[in-house]
Each structure stands twice: as structure tokens, then as C-alpha cells.
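Trainee: Could you take me through one part of this model in detail, namely the second largest pocket and what surrounds it? I'd like one connected walk rather than a list.

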Amino acid sequence: VIVTRLATRDLHKPISVLFCNLAVSDLFTSFSGFWISVLFISNPDITIFGSQDMLAPYALYTTSILSTIYNQVSIGIERYLAVAKSMRMRFRVARHHSITVVFIIWLLAFFLGCLPLMGWNCLQADKSISVLYSPFCVSYLVFITLPNVVVAFLVPLFTYLRIIIILRKRKLRMQACGQVMGTYRSAETQVARTSISIWLLALVSYAPFLAGVIFDATNQRCHTDLYPGAYIFRNCTAMLITITCLGNPVLYTLKFRAMGTKLKELRCPSASRLQACGI
């Protein structure tokens, strides 16, 4: 996706900048997951009981996941602004806006993801240490996971529902003018299918991770009591997040290309349609 976007002339579009950044986030997620896997192969105990060596890969893993979440939210907001601007909004998303958003995304993701490297870890204290993600603290995992997972679920759900509602209102208005708009109906169906796929992929990917953090926060047992079942579940959640990295290019790059063409047609109605609505 990165090479394709850089090789084409579509990079000047704001949505293409967000697509490229999402692909970079997925690449970092895969890289950090591979780093953790190598550490597990070389020394499995440090991925269970935790050590100083796990802080950096876990911090990079957290940073890349946060960046992916923020990118998904930004793409949903950009699509909403692209559809809603021709109705009542005068704000237009430009390329420099997308570049600014990308900068803010990585700045916020690196800050939150690297908090354990700045001292918010449990290397010296065992009281609140995470059992599944040692040496992270349970308080840090709860602080990072709960609000961001809620954002990943609710914001895309709201933005895509609003897009569907706007398209449906436009279709009804065109029908009131005596025209049957197949383009609006097709765009509405495309948005609905894509948004449902995006939301379900996020649900399947992040809900098990959220459940693991909640279990970690309420669990009072030690590492050996949970081995191996809890750690198999932890590895499965990592696999689901990796699958998200594979699903994002398909959903965002392939589906949105067709949907973007339809939305462009809707934002630029022909003169005959405008005249019909004026009558």
C-alpha cells in the first residue's frame, strides 16, 4: 500500500496521506510483533515474567496500535467531512490538514506508548505488575486501553452512521424532485458494507485485548498459576491485531477507492440535477 500510494499521483489527496500513514502504522505493528516473537523464541521466560528487555518492544507495539486506532478514527472523520461539507459545512479538508493530523497522531501515540520507558513501569514494584504484559503496570494498561478502545468503537460508528443518514436524506430529497438516484442508493450500500466491515474488524481485534486487560486488572493470581492458558489467550489477541494489519489495506485501499469515486460524483452534481431540484 505504501509503495502504491507513493508511486501514484493520488498522494496529493488528503485521504491518501491518511491511507499511507495507516499502512505505516500497520507496518510498525507487524515489526514490533515480530520483535516480541523473536524475544519469545530466544528467551520465553522474559515474555512471561517480564524484564527490562521487554519495555522497548512493548512500547513500540503500544505506539503502533495507538497510531492505527487514531488513523482509523481520522479516516472516518475525513470521510464524514467530505460528505457533509457540500450540505452545510464550509470546512474543506486539505493536504496540509492531513499532514498535521498525521504529525499529531504520531506525537500522541509516541507519548502515550513510551510512558513505560519514562518510568511508568513495574520493574521495581511487584504489587501492581501486569501478569500478561510484564513489566507493564496494570494501571498503565487500564489508562491506555479503556479510553482508546472506546474511541475505536464509538467514533467510527458515529461517523459512518452519519454518512449513511446524509446519503439517505439526499436520496429522499432527489426522489421528491421526481428523480430516482441510483448513485445515492449504491453509495449508501457501499458505505454501509464498508463501515460494518471496519467496525466488526475492530471489534474482533480489540475486544479480546480489552477483555485480557480487564482480566489482568481483576486477577490476583501469579504467573505460574495462569500458565499456559492465559498466555495462549494473550498470543491469540496479538494474532487478531496482526490480522487487522492485513485487513486494513483491503478495507481502506480497495473499498474506499470505489466509494471515493461515488462520493465525488455526489459532491459535484450535474447542471441538469441542480436545475431539476431548483424547479
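Mentor: Sure, let's start with the space itself: the second largest pocket holds about 380 Å³. Before going on, this is a predicted model, where local features need pLDDT of at least 70, side-chain atom pairs count only at pLDDT 80 or more, and totals for chains, interfaces and linings use all residues. Residues are numbered from 1 along each chain as its sequence is written, and side-chain values use heavy atoms, with hydrogens and water left out.

A word on the terms. On a 1 Å grid over the protein atoms alone, a pocket is an open set of points with protein on both sides within 12 Å along at least five of seven lines, a cavity is a set where a 1.4 Å probe fits but cannot get out, and lining residues have an atom within 4 Å of a point. Points are joined across faces, edges and corners, and the volume is the space filled by probe spheres set on them.

So who lines the pocket? There are 17 lining residues, with Gly33, Ile36, Ser37, Asn235 and Ala238 nearest the centre. Helices H2 (14-42), H4 (55-84) and H9 (229-267) are the elements that each give two or more residues to this lining, and H9 gives the most, with seven. Helices here are DSSP runs of H or I with at least four residues, strands are E runs of at least two, and both are numbered from the N terminus. By class the lining has ten nonpolar, six polar and one charged residues, where Ala, Val, Leu, Ile, Met, Phe, Trp, Tyr, Cys and Pro count as nonpolar, Asp, Glu, Lys and Arg as charged, and the others, Gly among them, as polar.

Now stay on H2, where you'll find threonine 29. Threonine 29 counts as buried because its relative accessible area is 2%, buried being under 20%, exposed over 50% and partly exposed in between (1.4 Å probe, protein chains only). Its side chain makes a polar contact of 3.2 Å with the side chain of serine 64. For that term, take a pair of N or O atoms within 3.5 Å; within protein, one must be able to donate a hydrogen and the other to accept it, and residues adjacent in sequence count only if both atoms are side-chain atoms. Beyond neighbours within four places in sequence, threonine 29 is in contact (heavy atoms within 4.5 Å) with Tyr61, Ser64, Ile65, Thr68, Ile241 and Cys245.

Ile65 leads us on, as it is also among the residues nearest the centre of the largest cavity, alongside Thr62, Ile144, Thr145 and Phe209. That cavity holds about 200 Å³, and it is one of four cavities of 30 Å³ or more in the structure. H4, H6 and helix H7 (182-218) each supply at least two of its lining residues, with H4 giving the most, six. Its lining has 13 nonpolar, three polar and no charged residues.

Stepping back, the chain has ten helices and zero strands, and buried residues make up 46% of its 279 residues. Among contacts between residues at least 6 apart in sequence, 77% join residues at least 24 apart.
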